[in-house]
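Biologist: I should be grateful for a close look at a single part of this model. Please begin with one strand and its partners, and then work outwards to what surrounds it.

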Amino acid sequence: MKLATTTSDFLHFCDNDPDRVTEVARAGFKHIDLNLYDGICPEWIYFSEGWKDEVARLRERADAFGADFVQAHSPGGNPLDFGEKYELLVRSTIRSIEICAELGIKNTVFHTGYSDAFGYTPEGKRGYFEENMKFIRRLLPTAERCGVTLLIENSTRANMKDKYFFLTGEDMAEFIEFASHPLIGACWDTGHANVEGHQYGDLVALGDKLRGLHVNDNRSKRDEHMMPYMGSLSVDELMCGLIDSGYKGYFTFESSSTLIPPRYWLSKRHTFERDTRCLRPTLEMARLTERLMYEIGKHILSQYNCFEE
C-alpha cells in the first residue's frame, strides 16, 4: 500500500496549490490527494480562462519532486440544497472532475447531500438515495468522458445530527448497488467512523467497492481530523479491515487539523487581545508535523508488511 496525503495539510500555511504540493512532496509523500473543497465561488482560479495552465503548474511542481496525483476531493456543498448555489456546485464539481482528468487522477471524493426531509427510516433512506442521484446524474457524463470514479463518503451523527447520511459500510454498499454505475465507489473516512465506534465490519462490507481512504483520528466525540496516535482510533482494526476487504488503493491521510488555525470550524482558539504573537502555528511547525505523519504512516503499513514506496 502506498502513502498519500492531501494538499489541505497546508491550506492555512500556503497561499496557492502549487506551493502546497511542494510542501507535501518535501515531507516525503510521493502520492498526492488534491484538495478542491473550497471551489464554490465564481472567482475560483480553476474557472478562469487559463485553468488548464494552472493545472499544468500543479503537474510540473509534482514532477519536480517525482510525485503524482492519485486522489482528489471535489468542492464541498450540499447537493440537496436546490437554492442559488446549486448550479455553482454542479459546475464546480464538473470542473473538479475535468481537473482530475488533466492530472491522471482516477478517483475523486464528493459529499452527498443532507436535509431534514430524510431521517433514519427505510422511507428516509430510499428518498435520500433517489434525491442524491439527481445530482450524480449531472456529473456522470463528465465522469464517463474523463474516466474518473466518484467516491461517496461516510460521516457521523456528530456532524449530521438527525439528517440521513451514510454511517456504515453496509449503507454505502447499498447505495452503490442502487446507483448501479461502474464509476461510483466509496471512500472510507476513519475519523467519522471512529466517532461512530466501528471500522472493521464496514470495510469488509464494502469489499471491492472501497476505492479510497481518508485516514484521520479523533477522541471519539467529534470530527477532529488529527493524525493517528493523537486520538482513540484503533489502527489495528483499520488495517485488519483493509486487508480482509482486499483493499488495493492508497493509504491517504486527511489529518489536516493536527495543527489547527485560530478560526477552526469546530472550535475557535481563545485569544488574548493584548498579545497574539503565539496565536498561529507556523509553516515550519506544519512541515515538521507533515514529516511526522509520513513516518507514522510508514510505521503503520510496515507493521502489516504493506508499505510500498
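**Strand 6 and its surroundings**

Modeller: Strand 6 and strand 7 run parallel and are joined by 4 bridges. Please bear in mind throughout that this is a predicted model. Within the pairing of these two strands, C187 has G212 of strand 7 opposite it. On its other side, strand 6 is paired with strand 5, again in the parallel sense and again over 4 bridges. There, I184 of strand 6 has L150 standing opposite it.

The next point concerns the side chains of the strand. In a regular strand, side chains alternate between the two faces of the sheet. In strand 6, one direction is taken by I184, A186 and W188, and the other by G185, C187 and D189. Residues pointing either way are all buried. Because 6 of the 6 residues of strand 6 are buried, the strand is largely enclosed by the rest of the structure. The pairings given above can be placed on this pattern: I184, which faces L150, points the one way together with A186 and W188, while C187, which faces G212, points the other way together with G185 and D189.

Strand 6 belongs to a wider assembly. The sheet is open and has 8 strands, ordered 7-6-5-4-3-2-1-8, with parallel pairing. Its edges are formed by strand 7, residues 210-214, and strand 8, residues 251-253, each of which pairs on one side only. From one strand to the next, the twist averages 30°. Strand 6 thus has an edge strand, strand 7, as one of its partners.

Helix 4, spanning residues 122-146, bears directly on this part of the sheet. It lies across strand 5 (149-153) and strand 6 (184-189), and runs at about 145° to strand 5. Helix 4 also has a helical partner. The axes of helix 3, residues 86-103, and helix 4 come within 9 Å of each other and cross at roughly 20°. Helix 3 is therefore roughly parallel to helix 4, an assignment given to angles under 35 degrees. The crossing of helix 3 past helix 4 is right-handed. On the helix 3 side, the residues that meet helix 4 are Y86, E87, L89, V90, T93, I94, I97, E98 and A101. Their counterparts in helix 4 are K134, F135, R138, L139, T142, A143, R145 and C146. Sorted by class, this contact comprises 10 nonpolar, 2 polar and 5 charged residues.

Towards the other end of the strand order, strand 1 (residues 3-6) and strand 2 (residues 31-35) form a parallel pair over 2 bridges. In this pair, T5 is placed opposite I32 of strand 2. Here helix 10, residues 283-303, lies across strand 1 and strand 8 and runs at about 145° to strand 1.

Between strand 1 and helix 1 there is a loop that contains F10. F10 has a relative accessibility of 0% and so counts as buried. Setting aside neighbours within four places in sequence, its contacts are R20, E23, V24, L283, A286, R287 and E290. Among these, L283, A286, R287 and E290 lie in the span of helix 10, and R20, E23 and V24 in that of helix 1. The C-alpha atom of F10 is separated by 9.8 Å from that of T22, 12 residues away along the chain.

Helix 1 (residues 17-26) in turn packs with helix 2 (residues 51-64) at an angle of about 20°, the two axes being 9 Å apart. The two helices are therefore roughly parallel to each other, and helix 1 passes helix 2 in a right-handed crossing. D17, P18, D19, V21 and T22 of helix 1 make this contact with L58, R61 and A62 of helix 2. The classes represented are 4 nonpolar, 1 polar and 3 charged residues.

Two loop residues complete the account. S220 is found in the loop between strand 7 and helix 9 (235-245), and its phi is near 80°, a positive value in a residue other than glycine. With a relative accessible area of 32%, S220 is partly exposed. K161, in the loop between helix 5 (157-160) and helix 6 (169-179), likewise has a positive phi, of about 55°, although it is not a glycine.

Note on methods. Residues are numbered from 1 along each chain as its sequence is written. This is a predicted model: local features need pLDDT of at least 70, side-chain atom pairs count only at pLDDT 80 or more; totals for chains, interfaces and linings use all residues. Side-chain values use heavy atoms; hydrogens and water are left out. Axes are lines fitted to C-alpha atoms, for helices over the stretch in contact, and angles run from 0 to 180 degrees between N-to-C directions. Angles under 35 degrees count as roughly parallel, over 145 as roughly antiparallel, 65 to 115 as roughly perpendicular and the rest as oblique. A crossing is left-handed if the near helix is turned anticlockwise from the far one by less than a right angle, and right-handed if clockwise. Contact means heavy atoms within 4.5 Å. Ala, Val, Leu, Ile, Met, Phe, Trp, Tyr, Cys and Pro count as nonpolar, Asp, Glu, Lys and Arg as charged, and the others, Gly among them, as polar. Two strands pair if DSSP finds at least two bridges between them. Buried means under 20% relative accessible area, exposed over 50%, partly exposed in between (1.4 Å probe, protein chains only).
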